[in-house]
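Trainee: I should like a close look at one part of this model, namely the packing around a single helix. Please then extend the account to the neighbouring features of the fold.

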Amino acid sequence: MPIFTAPDGTALAYHVRGEGEPLVVLPGGPMRASEYLGDLGGLTAHRRLILLDLRGTGDSAVPADPATYRCDRQVEDVEALRAHLGLERMDLLAHSAGGSLAMLYAARHPRRMARLVLVTAIPWALGRPATAEERLAAARLRAAEPWFTAAFPAFEAWATGAAGDDIDFETVDAFFYGRWDDTARAHAAAADEQTNDDAGERFHDPAAYDPPALRAALAGVEAPVLVLAGEVDGGPRPERARLVAEAFPHAELAVQPGAAHYPWLDDPTWFTARTEAFLTGTGTGTGTDSGTGNGADTGTGSGTGVRLPSPG
């Protein structure tokens with residue numbers, strides 16, 4: 001397990017999986033150990049994944065100053081990893097809450113970006129978190145599921161805040177997976193052990209973000225960007241993911257059919273093919289993709305954390 005040192009002296013770990021060109025991966029949670037990402041649906045067949053354990057998670061050390069869990073305070077951890085790997089520029093993939101960290105990194109170090117993939121990333125850093133209404137609208141798309149009638153009241157109570165701390169995550173978690181099968185259940189059950197809850201509460205400190213300044217900085221990012229959303233994900237809904245794509249000058253939006261917050265589990269073949277096509281420069285496109293009937297696009301399109309099950 002490789003270790004490098006952050007600028008403040010914190011020892012940070014990363015995990016290497018697969019072969020090929022390196023792809024640095026930032027986990028979400030927020031502040032969940034990178035273990036939950038697995039092999040990203042088999043992306044290791046195409047890429048050498050460099051999966052960072054953010055400070056205080058997984059095999060990385062707990063920092064001396066807990067204030068450094070704040071999203072913007074971790075940007076230089078990512079830059080230290082790039083330098084440690086000896087990469088002039090890097091391909092970067094970020095999931096969920098990791099997307100805010102990746103956007104801040106791109107704004108601060110635009111010349112170090114080769115290509116960027118943002119997977120089901122709520123635009124917290126742009127001041128546009130998911131709303132309860134959006135989450136409930138996405139949940140209602142699952143009305144045909146055999147578990148929907150029993151699970152929806154608990155999800156509604158969580159989304160609206162009515163549940164308080166009394167949340168039945170075993171029920172709520174179903175809405176964050178496109179397929180609520182044994183694999184999804186095991187993945188969801190591991191979240192508590194893998195997540196640093198205290199760090200997660202600090203990660204999205206509002207002081208970490210300056211949305212107008214970030215938008216101005218991202219407008220100057222020349223790297224190609226893929227924003228990948230799940231068709232039935234409530235955080236973000238495809239239309240909110242489009243706001244992320246619109247913040248970059250060279251971005252495209254892809255909406256994975258039937259997928260929720262963890263698209264590499266819902267359909268590994270679709271996810272890996274679309275992601276690798278973008279990373280190799282063979283899958284970019286412009287125009288509008290065919291609709292799904294739920295107000296989302298499928299494919300490509302042009303575009304000039306008490307634990308949360310998947311807060312983004």
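Mentor: What follows begins with helix 2 and its two packing partners, and then turns to loops, a buried threonine and an aromatic cluster. The model is a predicted one.

Two packed helices are described by the angle between their axes and the distance between the axes. Helix 2 covers residues 98-108, and its axis comes within 9 Å of that of helix 1, residues 75-85, with a crossing of roughly 70°. Angles of 65 to 115 degrees count as roughly perpendicular, and helix 1 and helix 2 are therefore roughly perpendicular to each other. The crossing of helix 1 past helix 2 is right-handed. On the side of helix 1, the contact is made by Val75, Glu76, Val78, Glu79 and Arg82, which meet Leu101, Leu104, Tyr105 and Arg108 of helix 2. Of the residues in this contact, five are nonpolar and four are charged, with no polar residue.

The second partner is helix 9, residues 211-218, whose axis lies 8 Å from that of helix 2 at an angle of about 60°. Helix 2 and helix 9 are therefore oblique to each other. Here helix 2 passes helix 9 in a left-handed crossing. Met103, Leu104, Ala106 and Ala107 of helix 2 meet Leu214, Ala217 and Leu218 of helix 9. This contact comprises seven nonpolar residues, with no polar and no charged ones. Leu104 takes part in the contact with helix 1 and also in the contact with helix 9.

The loop that leads into helix 2 deserves attention as well. Ser96 lies in this loop, between strand 5 (90-95) and helix 2. Most residues other than glycine have a negative phi, and most peptide bonds are trans. Ser96, however, has a positive phi, near 55°. Ser96 is also buried, at 1% relative accessibility.

A second residue with a positive phi is Met31, at about 65°, and it is not a glycine either. Met31 lies in the loop between strand 3 and strand 4 and is buried, with a relative accessible area of 1%. The loop between strand 3 (21-26) and strand 4 (47-52) also holds Pro30, which is joined to Gly29 by a cis peptide bond with omega about -5°. Another cis peptide bond runs from Gly235 to Pro236, with omega near 10°. Pro236 is found in the loop between strand 7 (225-230) and helix 10 (238-246).

In helix 12, residues 268-279, one finds Thr275. Thr275 is buried, with a relative accessible area of 0%. Leaving aside residues up to four places away in sequence, Thr275 touches Leu43, Leu93, Val117, Leu226 and Leu228.

Finally, there are the aromatic residues. Trp147, Phe148, Phe152, Phe155, Trp158, Phe175 and Phe176 form one aromatic cluster. The count of aromatic pairs in the model comes to 14. One of them is the pair of Phe155 and Phe176, which is tilted, with 6.0 Å from centre to centre and 55° between the planes. Phe155 lies in helix 4 (residues 148-160) and Phe176 in the loop between helix 5 (169-172) and helix 6 (182-189), so this pair ties together parts that are 21 residues apart in sequence. Both Phe155 and Phe176 are buried.

Note on methods
Residues are numbered from 1 along each chain as its sequence is written. This is a predicted model: local features need pLDDT of at least 70, side-chain atom pairs count only at pLDDT 80 or more; totals for chains, interfaces and linings use all residues. Side-chain values use heavy atoms; hydrogens and water are left out. Axes are lines fitted to C-alpha atoms, for helices over the stretch in contact, and angles run from 0 to 180 degrees between N-to-C directions. Helices (H or I, at least four residues) and strands (E, at least two) are DSSP runs, numbered from the N terminus. Angles under 35 degrees count as roughly parallel, over 145 as roughly antiparallel, 65 to 115 as roughly perpendicular and the rest as oblique. A crossing is left-handed if the near helix is turned anticlockwise from the far one by less than a right angle, and right-handed if clockwise. Contact means heavy atoms within 4.5 Å. Ala, Val, Leu, Ile, Met, Phe, Trp, Tyr, Cys and Pro count as nonpolar, Asp, Glu, Lys and Arg as charged, and the others, Gly among them, as polar. Rings of Phe, Tyr and Trp (its six-membered ring) pair if their centres lie within 6.5 Å; planes under 30 degrees apart count as stacked, over 60 as edge-to-face and the rest as tilted. Buried means under 20% relative accessible area, exposed over 50%, partly exposed in between (1.4 Å probe, protein chains only).
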